[in-house]
Amino acid sequence: MKIGFGIIGFGYVGHKHELKIMETEGAELIAICDVVPERMDDAASANVRKYTDAEELLKLEEIDTVVISIENHLHKDMVIRAASAGKNIICEKPVGLNVQELDEMEAACKEHGVIFTVHQQRRYDRDYRIIKEVYDSGELGDIYTIQSKLCGFNGNMHDWHVYKKYGGGMLYDWGVHLIDQILWMVPAKLCSIYADVRNVINFEVDDYFKLIFKFENHVTAEIELGTYLLTDKPNWFEHHWFMGGNKGSVYSDGFNPQGKIVKTTRLLTNTPGETTMTFAGPTRSFGALPEGVVYTEELPNVQSEQIMFYHNYMKARAGEEELLVKIPEMRRVLRVLAAVWESANENKVVMFEDN
Ligand SMILES: NC(=O)c1ccc[n+]([C@@H]2O[C@H](COP(=O)([O-])OP(=O)(O)OC[C@H]3O[C@@H](n4cnc5c(N)ncnc54)[C@H](O)[C@@H]3O)[C@@H](O)[C@H]2O)c1
């Protein structure tokens with residue numbers, strides 16, 4: 001028997017969920033709902049039922065699972081309503097605006113015995129999975145730096161994302177994805193956080209941040225996002241990764257990643273006196289690369305795409321595997337966000353009590 005789905009909130013991402021549900025084996029989209037009826041005019045599925053009141057959709061017995069894809073500040077109430085109606089829930093990120101909201105949502109889901117997960121589908125982004133695979137392989141030795149950087153060009157943040165009261169700003173938008181990716185990659189306690197968070201060209205909400213996370217296993221991760229980091233470099237306005245260990249490095253540029261694993265034939269070989277003359281004067285440590293000193297390897301061939309979030313959900317629904325995205329992980333992301341704001345507001349390093 002197919003698993004019946006409903007979507008509450010049929011805006012930008014609601015449409016994406018529709019297509020994903022339609023292409024997921026064993027899933028059937030029963031109904032969609034949006035308070036603005038015209039948003040549902042271009043629904044791709046011919047026979048889908050349409051509602052403007054979520055209660056009508058939540059009453060449908062054929063619906064097993066609801067996807068909640070409404071504005072961030074509305075997630076908490078809708079999750080509680082869906083749980084009370086006995087529906088399993090996939091909620092969009094950020095799951096809530098803070099830990100207190102998440103606690104209320106989780107309590108309702110536990111009380112009504114429903115599945116509760118969050119659409120952190122960027123755990124399946126190919127560029128991320130490639131870097132994670134290199135991390136997991138251990139081939140770079142002791143990793144000491146991970147850099148994750150995302151650059152935009154015109155400060156573009158659309159619709160409600162520019163207002164605080166709706167849960168706008170880039171930390172709640174891409175920030176929770178980038179933080180989640182790092183936390184899910186580094187299997188160690190997070191010890192401290194330093195954050196620089198700014199409104200560069202937006203009035204109310206953050207549109208730039210640099211976060212520095214120090215982990216107990218001596219990894220330091222740096223996440224930088226700007227909606228207005230102008231250059232004319234090709235491929236710049238995409239996701240960039242750099243990871244360095246004591247046996248090599250890896251870089252990856254772009255959502256369809258171009259990059260290499262880079263190692264050296266002369267690790268720790270002392271080369272005194274070899275001076276390179278550069279335009280900025282002579283240097284012994286930072287000149288041009290001599291011939292034959294580094295060699296490269298291809299990035300691992302990782303096949304990963306966001307639809308796999310749904311594949312995992314369907315298997316978890318059938319009791320065949322664990323849900324990929326778990327609520328305690330989301331609580332950790334929200335706790336980290338709170339520490340990020342504390343650090344930024346007070347201009348200090350915040351010691352993080354990880355658990
Ligand atoms: N996982 C991702 O990569 C990703 C990408 C984009 C957006 N999102 C998340 O999805 C959510 C929605 O973002 P969006 O960009 O699609 O916003 P959007 O404004 O395009 O869509 C939200 C829709 O919800 C509707 N809505 C509001 N209240 C409702 C209610 N009570 N009942 C029914 N419909 C209601 C609105 O009318 C609107 O059409 C946000 O939480 C956002 O953070 C996630």
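The expected span of a helix is 1.5 Å times one less than its number of residues. Helices (H or I, at least four residues) and strands (E, at least two) are DSSP runs, numbered from the N terminus. The model is predicted; local features need pLDDT of at least 70, side-chain atom pairs count only at pLDDT 80 or more, and totals for chains, interfaces and linings use all residues. Residues are numbered from 1 along each chain as its sequence is written, and side-chain values use heavy atoms, with hydrogens and water left out.

Helix H5 spans residues 126-137. Its 12 residues reach 16 Å from first C-alpha to last, close to the 16 Å expected at 1.5 Å a residue. Gly138 follows H5 and has a positive phi, near 80 degrees. The buried residues of H5 (under 20% relative accessible area, 1.4 Å probe, protein chains only) are Asp127, Tyr128, Arg129, Ile130, Ile131, Lys132, Val134 and Tyr135. These buried residues pack, by contact (heavy atoms within 4.5 Å), against five elements. They are strand E7 (143-151), helix H6 (171-185), strand E11 (239-245), strand E12 (248-253) and strand E13 (258-264).

His239 lies in strand E11. His239 is buried, at a relative accessible area of 0%. Its side chain makes a polar contact of 3.1 Å with the side chain of Asp127, where a polar contact is a pair of N or O atoms within 3.5 Å; within protein, one must be able to donate a hydrogen and the other to accept it, and residues adjacent in sequence count only if both atoms are side-chain atoms. A polar contact of 2.9 Å links the side chains of His239 and Ser148. Leaving aside residues up to four places away in sequence, His239 also touches others, including Leu150, Leu178, Gln181 and Phe255.

The ligand has 24 residues around it, each with a heavy atom within 4 Å. Asp34, Arg39, Asn72, Lys93 and Gln121 come nearest. By class, this shell holds 11 nonpolar, eight polar and five charged residues. Helix H1 (12-23) and helix H3 (75-84) each supply at least two residues of the shell.

Oxygen atoms of the ligand meet polar protein atoms at several places. An N or O atom in the side chain of Asn72 is 2.5 Å from a ligand oxygen. For a polar side-chain atom of Arg39, the distance to a ligand oxygen is 2.7 Å. A polar backbone atom of Ile70 lies 3.2 Å from an oxygen atom of the ligand. The protein covers 89% of the 840 Å² of accessible area (Shrake-Rupley method, 1.4 Å probe) that the ligand has on its own.

Conventions. Nonpolar A, V, L, I, M, F, W, Y, C, P; charged D, E, K, R; others polar. Buried < 20%, exposed > 50% of the residue type's maximum accessible area, 1.4 Å probe, protein only.
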